[in-house]
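Student: I am new to this structure. Please show me how to read a ligand site.

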Amino acid sequence: MSQYPLSDLTFKSLSEGEEIPYSLLLLADPSKEMIDGYLGPSQIYIAEQGGKIVGTMVLQPLGNNLIEIKNIAVLEELQGKGIGKYLIENAIQIAREMKMRYIQIGTANSSIGQLYLYQKMGFEIEGVKRNYFTDNYMEKIYENGIEAKHMIMLVKLL
Ligand code: COA
């Protein structure tokens, strides 16, 4: 990990009326329709540095003491510097403050780096939503030379 200064990062929830950071959200989810579908019952959070939004995350409580990270994204030019880890640490802290028992995140079978990051942060594979991407997205999605077909669900006990 490079010596990128994370100390001046600030984290906050997006207030009603503030601009939704779609360009970031679309990095994690190429469908605006899907994003709009889960924003309603969710809270959007942003990480800022020097007044600029550098990352975002969407949390949605699902009931039964379970909360899901529905979207997480970092500006392309700042990826790999610890901001994603910082966002997930904040998600875990918020979930604990909300007295949640589990936090979950879903990612594609092709998202190798994300599967690495989430497992390194204590999430464990809980299940697979087979054909989630082929059933819900018009366009085929490829990452790392692999077609994104299935959603791998990972859960961390809080
Ligand atoms: N490939 C390989 N390793 C990756 C990786 C990737 N795509 N993304 C993260 N990692 C690793 C880092 O190397 C680092 O490892 P280390 O702790 O051993 O050094 C660790 O995960 C933490 O990485 P970090 O710098 O905090 O991640 P990030 O700031 O790049 O944020 C994402 C991670 C996924 C949010 C970010 O890369 C992103 O916005 N990607 C595009 C959108 C996306 O795919 N969102 C997730 C959808 S499920």
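Tutor: We start with the ground rules, then take the ligand and one loop residue.

Tutor: This is a predicted model: local features need pLDDT of at least 70, side-chain atom pairs count only at pLDDT 80 or more, and totals for chains, interfaces and linings use all residues. Residues are numbered from 1 along each chain as its sequence is written, and side-chain values use heavy atoms, with hydrogens and water left out.

Student: Which residues come nearest to the ligand?

Tutor: A residue is near a molecule if one of its heavy atoms lies within 4 Å of it. Of the 21 residues around the ligand, the nearest are Val74, Gly82, Gln114, Tyr116 and Lys120.

Student: Which part of the fold gives the largest share of the shell?

Tutor: Helices (H or I, at least four residues) and strands (E, at least two) are DSSP runs, numbered from the N terminus. Helix 4 gives the largest share, six residues.

Student: What lies 2.7 Å from an oxygen atom of the ligand?

Tutor: A polar contact here is a pair of N or O atoms within 3.5 Å; within protein, one must be able to donate a hydrogen and the other to accept it, and residues adjacent in sequence count only if both atoms are side-chain atoms. At 2.7 Å it is a side-chain N or O atom of glutamine 114. Backbone N or O atoms also approach ligand oxygens: glycine 82 at 2.6 Å, glycine 84 at 2.8 Å.

Student: Where is asparagine 109?

Tutor: Asparagine 109 is in the loop between strand 5 and helix 4. Its side chain reaches the backbone oxygen of glutamate 147 at 3.0 Å and the backbone nitrogen of histidine 150 at 2.9 Å.
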